[in-house]
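User: I would like to go through the aromatic contacts and the strand pairing of this protein, one point at a time. Could you take my questions in turn?
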Amino acid sequence: MSQQLVVGIDIGGTNTKFGIVDRRGNILCDGRMLTNKHEDVNCFLEELHQQLSILIAEVGGIENIKGIGVGAPNGNYYNGNIEYAPNLRWKGVVPLASLLEKKFGLPAVLTNDANAAALGELIYGAARGMKDFIVITLGTGVGSGIVANGQLIYGHDGFAGELGHIIVIPGGRFHPGTGAHGSLEAYASATGVTNTALEFLATRPDMPSMMREHTKEEINSKLIYEAAMKGDPLAMEVYEFTGEILGAALANFVMFSSPEAIILFGGLTKAGDLIMKPVREHMEKNLLPIFQNKVKLVFSELKESDAAILGASALAWEMKD
C-alpha cells in the first residue's frame, strides 16, 4: 500500500478543507478548519498539522502518503508561494509549500485555488474529456482556472487567470483587498452580492423587501438567497444585476479563449436558476454571432469541498517520485 495516497488541501478565504485521496479519486477521510482565525501562518500550520495527523494515522501512517497538493488564493505553482493574497490575513509572500514540507516531512506542491478546482473538474467532474474550458469559482472571492489545449494556463510567472480582478465597471465599486475600483470580484462574489443588496436597500426605498426587517450586519448572501426564493422583489433584482455583470464578463472570456464550456463552481451557484438565467442571457447577448449558442454554461458536478480537494490532490499525483 506504500505511497498510494495523497493529501489534498483547499485554502479558502474563510475555510480550509482537506482530505486524503486514493488514486481513483476517493476521499477516504476529510476535515475542515477556519482559515481566517489565524493571523500568523505558523499558527494556522500548527492547527492544520494537528488535524491532518489524525487523518494520516487513520490511513496507516505517513509512509502511505506520497505528497501534499494545495490550492490557495494567489498560489504560485512555480515557486510554491502564496503571494499577496487579498482575501487572506497573511500578507506579503508566504512560502507555503516549503513550510508544509518542513512541518510534515512530505513533498508539497501548490497552485491557485481556482486552478485546483479546474483540475478537479478535468479529472473527476463536468470537464472530463474536454481540452478547452474555464472554471469560475464564486465564493468569498471570484477565481478562475483556464484550460486550453488540455493544459492549465499558468502564464510566465504562475499568475495567469485572475479573471476575478478584471475591471467590469471602470471607476466602480471599491475592492478593499486590492484597492481596485469596479472589479468583477467586487460584484459577483458572495461579498459583492451582499454589498449590492445593501446598496439597493439604501437607494431603492420604495421597493418592498423582507430584508428591511434585518440589520445591515444580518444581511449576507444566504439571507438574500432565502428572500429571493420567497419571491422577494429586491433580492431577485440583486441576482438580476449580478447576473448581468457576470454574464457580460463571461462573454469577454469566451471571445478570448473560445472554450467548450464555462463551469461555475462555489457557494453562489446554490442560487441555481436565480443566478444562471441572467448570466446565460447576458453572456449570449454580449457575444459575437460566431460564438453564440456554442459554449456550455454549467454548474460543477462535484461537491464544492470535493472538487478543490480532488484538484489539489491531482497536483500531488503529478509530482515526480
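User: Which residues form one aromatic cluster with Tyr77?
Analyst: This is a predicted model, and a search of the whole structure finds 6 aromatic pairs. One aromatic cluster consists of three tyrosines, in which Tyr77 is joined by Tyr78 and Tyr154.

User: How is the aromatic pair of phenylalanine 200 and phenylalanine 241 classed?
Analyst: The pair links distant parts of the chain, with phenylalanine 200 in helix 5 (residues 190–203) and phenylalanine 241 in helix 7 (residues 233–257), 41 residues apart. The ring centres are 5.5 Å apart and the planes meet at 65°. Because an angle over 60 degrees is the criterion for that class, the pair of phenylalanine 200 and phenylalanine 241 is edge-to-face.

User: Is phenylalanine 200 buried or exposed?
Analyst: Arginine 204 lies over the face of phenylalanine 200, at 3.8 Å from the ring centre. Phenylalanine 241 has 24% relative accessibility and therefore counts as partly exposed. Phenylalanine 200 has a relative accessibility of 5%, so this residue counts as buried.

User: In strand 7, which residue is the bridge partner of valine 70?
Analyst: Strand 4 (residues 65–72) is mostly covered, with 8 of its 8 residues buried. Strand 4 runs parallel to strand 1 (residues 5–11), to which 5 bridges join it, and within that pairing aspartate 10 has glycine 71 as its bridge partner in strand 4. Strand 4 also pairs with strand 7 (residues 108–112) in the parallel sense over 5 bridges. In strand 7, the bridge partner of valine 70 is leucine 110.

Terms used: Residues are numbered from 1 along each chain as its sequence is written. This is a predicted model: local features need pLDDT of at least 70, side-chain atom pairs count only at pLDDT 80 or more; totals for chains, interfaces and linings use all residues. Side-chain values use heavy atoms; hydrogens and water are left out. Rings of Phe, Tyr and Trp (its six-membered ring) pair if their centres lie within 6.5 Å; planes under 30 degrees apart count as stacked, over 60 as edge-to-face and the rest as tilted. Helices (H or I, at least four residues) and strands (E, at least two) are DSSP runs, numbered from the N terminus. Buried means under 20% relative accessible area, exposed over 50%, partly exposed in between (1.4 Å probe, protein chains only). A charge sits over a ring if NZ of Lys or CZ of Arg is within 6 Å of the ring centre and within 35 degrees of the ring normal. Two strands pair if DSSP finds at least two bridges between them.
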